[in-house]
Amino acid sequence: MKVEVDEVKCGTIGFCVKICPEIFRFHPGSKKAYAMMTEVPSHLQAKCSEAARRCPNNAIIIWY
Ligand code: SF4
């Protein structure tokens, strides 16, 4: 499972950073989130999927 944040769509809501801080962070100085890793380890996949579901801007892209 792989993940990426579409920073054009990201709107600083921050659910992803709260739900899965192991993967999602805000860029310093800009409140756009990014994924610190592309390949999601198996023990984080459920949290990462939940973050994607809860992102109100559909900015979290998951693919396999
Ligand atoms: S939940 Fe979505 S809109 Fe909010 S910071 Fe994360 S990626 Fe951006």
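1. Let's start in helix α2, which is where alanine 51 lies. (Helices, H or I of at least four residues, and strands, E of at least two, are DSSP runs numbered from the N terminus.) Alanine 51 is buried because 25 other C-beta atoms sit within 10 Å. For burial, the C-beta atoms are placed from the backbone: 20 or more others within 10 Å makes a residue buried, 12 or fewer exposed, and anything in between partly exposed.

2. Before going on, a word on what you're looking at. This is a predicted model, where local features need pLDDT of at least 70 and side-chain atom pairs count only at pLDDT 80 or more, while totals for chains, interfaces and linings use all residues. Residue numbers run from 1 along each chain as its sequence is written.

3. Back to alanine 51 and its company. Leaving out residues up to four places away in sequence, alanine 51 touches Phe15, Cys16, Ile19, Cys20, Phe24 and Ile60; a contact means C-beta atoms, placed from the backbone, within 7 Å. Take Phe15: 36 residues separate it from alanine 51 in sequence, yet the two C-alpha atoms are 6.6 Å apart.

4. Alanine 51 also belongs to the best-connected part of the largest nonpolar core, which has 14 residues; Cys16, Ile23, Phe24 and Ala51 have the most contacts inside it. (Such a core is a set of buried Ala, Val, Leu, Ile, Met, Phe, Trp, Tyr and Cys residues joined through C-beta atoms within 7 Å.) Two or more residues each come from β1, β3 (33-35) and α2 (45-54). Cysteine 16, with the same neglect of residues up to four places away, touches Phe24, Ala33, Ala51, Cys55 and Ile60.

5. Now the overall layout. The protein has two helices and four strands, in the order β-α-β-β-α-β from the N terminus. Its radius of gyration is 10 Å, which agrees with the value near 11 Å for a compact globule of 64 residues; the radius is taken over C-alpha atoms, and the rule is 2.2 Å times the number of residues to the power 0.38. Of contacts between residues at least 6 apart in sequence, 64% join residues at least 24 apart.

6. Strand β1 (residues 2-5) is a neat one to inspect. Val3 and Val5 point to one face and are buried, while Lys2 and Glu4 point to the other and are not. That fits the usual pattern: in a regular strand the side chains alternate between the two faces of the sheet. β1 runs antiparallel to β4 (residues 60-63), and four bridges join them; strands pair if DSSP finds at least two bridges between them. Lysine 2 has tryptophan 63 as its bridge partner in β4.

7. There's a ligand, too. The residues around it number 13, with Cys10, Ile13, Cys16, Ala33 and Cys55 coming nearest; being near means a C-beta atom, placed from the backbone, within 6 Å. The shell has nine nonpolar, four polar and no charged residues. (Ala, Val, Leu, Ile, Met, Phe, Trp, Tyr, Cys and Pro count as nonpolar, Asp, Glu, Lys and Arg as charged, and the others, Gly among them, as polar.)

8. Finally, two loop residues to check by eye. Most residues other than glycine have a negative phi. Threonine 12, in the loop between β1 and α1, has phi near 65°, and asparagine 58, in the loop between α2 and β4, has a positive phi of about 50°. Threonine 12 counts as exposed, with 11 C-beta neighbours inside 10 Å.

Notes. Contact = placed C-beta atoms within 7 Å.
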